[in-house]
Amino acid sequence: MKSVVITGVSTGIGWGATKVLTKKGFHVFGSVRKQEDADRLKKEFGDLFTPLFFDVTDEPAIRRAAMEVRTALNGETLFGLVNNAGIAVSGPLLEINPDEFRKQMEVNVTGPLLVTQAFGPLLGADKSLKGAPGRIVMISSVGGKQAAPFVGPYSASKYALEGFSESLRRELLLFGIDVIIIGPGAVKTQIWAKAEEVDITPYSNSPYYPILKKFRDYFLASGKTGLAPEVLGRLILKVLTTRNPKVRYAILSGRLMNWTIPQLLPKRFLDRTIGKAVGLLPS
């Protein structure tokens with residue numbers, strides 16, 4: 001049986017990937033932080049799901065989980081690792097709390113490093129294991145290539161993840177372990193509900209405050225029309241199993257307007273267009 005480790009499976013993309021992969025007969029080891037989430041997912045996915053209890057910033061807990069998976073694999077390699085867990089911190093960069101920025105980078109960048117270091121041997125870096133080398137899937141974002149205002153901490157973390165992934169892919173040529181990036185647009189996940197709860201009153205005296213209110217409304221609206229998590233799950237399945245995967249996949253609604261054209265337009269033109277749209281420049 002093919003086994004895959006996925007971080008952050010309680011909701012959203014991680015849950016969608018677990019649903020798709022278990023239906024295809026994969027065994028999913030999924031990271032959770034709460035017992036109630038583990039119980040719910042175990043009931044939903046049955047024997048093909050095993051919860052792993054760790055936060056992606058907790059190195060000792062990650063190492064214990066890797067040992068648990070090693071024992072379960074009984075000398076075989078791990079088929080795949082999906083680095084999905086993450087958070088989104090927002091706010092104007094001139095005024096953001098530096099501790100929040102540090103937390104953003106710790107979860108979204110250092111977290112995948114710790115997880116990859118712990119599970120990398122099981123993917124084939126440990127030559128004593130039997131089986132073909134596995135693959136690593138990094139869940140980045142459109143924000144890892146196109147940075148919107150007021151989500152600078154999040155975009156910075158995803159840009160960093162893109163560079164991390166490219167270096168890692170080349171380093172792991174030694175072991176035959178591939179690294180593939182998926183950069184989705186808006187997905188219907190709990191990250192949007194959390195965004196709605198974000199308190200922007202600390203910026204009430206900021207010149208950005210009225211613009212932040214408008215931008216948050218736009219941000220939340222786009223989340224409600226985002227892709228279903230299962231759509232990402234099917235792409236993750238494809239990336240893990242297709243013979244010759246691309247190094248990066250962009251998947252989003254309105255691809256032409258939200259991805260293709262912005263990639264071609266001059267940056268200064270995009271600056272002005274976005275600035276006028278959100279109120280940073282006179283319309």
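These legends go with a handful of close-up views of a predicted model.

**View 1. S10, in the loop between strand 1 and helix 1.** Strand 1 covers 3-6 and helix 1 covers 12-23, with S10 sitting in the loop that links the two. At 16% relative accessible area, S10 falls under the 20% cut-off, so it counts as buried. Its side chain has a polar partner here: the side chain of D37, at 3.3 Å. Skipping residues up to four places away in sequence, S10 touches W15, V32, D37, R40 and L41.

**View 2. L41, a buried residue of helix 2.** With a relative accessible area of just 1%, L41 is buried. Around L41, again leaving out residues up to four places away in sequence, you'll find V9, S10, W15, V32, G46 and F49 in contact. For a sense of scale, try L252: L41 and L252 are 211 residues apart in sequence, and their C-alpha atoms are 27 Å apart in space.

**View 3. Helix 1 against helix 2.** Here the two axes come within 11 Å and cross at roughly 30°. That angle is under 35 degrees, so the helices are roughly parallel to each other. The crossing of helix 1 past helix 2 is right-handed. On the helix 1 side, the residues that meet the partner are W15, T18, K19 and T22, while helix 2 brings L41, E44 and F45.

**View 4. The largest nonpolar core.** This one takes in 30 residues, and I6, L21, I182 and I236 have the most contacts inside it. Quite a few elements chip in at least two residues each: strand 1, helix 1, strand 2 (27-32), helix 2 (35-45), strand 5 (135-139), strand 6 (178-184), helix 8 (229-241) and strand 7 (248-251). Helix 8 gives the largest share, six residues. As background, nonpolar side chains in soluble globular proteins tend to be buried together.

**View 5. I236 and its contacts.** I236 is among the residues with the most contacts inside the largest nonpolar core. Setting aside neighbours within four places in sequence, I236 is in contact with I13, A17, V82, I139 and I182. One of those partners, I182, is also on the list of residues with the most contacts inside that core.

**View 6. Another core, apart from the largest one.** This separate core is made up of 29 residues. Members to look for include F29, A65, A118 and L168.

Methods. Residues numbered from 1 in each chain as written. Predicted model: local features only at pLDDT ≥ 70, side-chain atom pairs only at ≥ 80, totals over all residues. Heavy atoms only, no water. Helix = DSSP H or I, 4+ residues; strand = E, 2+ residues; numbered from the N terminus. Buried < 20%, exposed > 50% of the residue type's maximum accessible area, 1.4 Å probe, protein only. Polar contact = N/O pair within 3.5 Å; in protein donor to acceptor, adjacent residues only side chain to side chain. Contact = heavy atoms within 4.5 Å. Core = buried A, V, L, I, M, F, W, Y, C linked by side-chain atoms within 4.5 Å. Axes fitted to C-alpha atoms, helices over the stretch in contact; angles between N-to-C directions. Parallel < 35°, antiparallel > 145°, perpendicular 65-115°, else oblique. Left-handed = near helix turned anticlockwise from the far one by under 90°.
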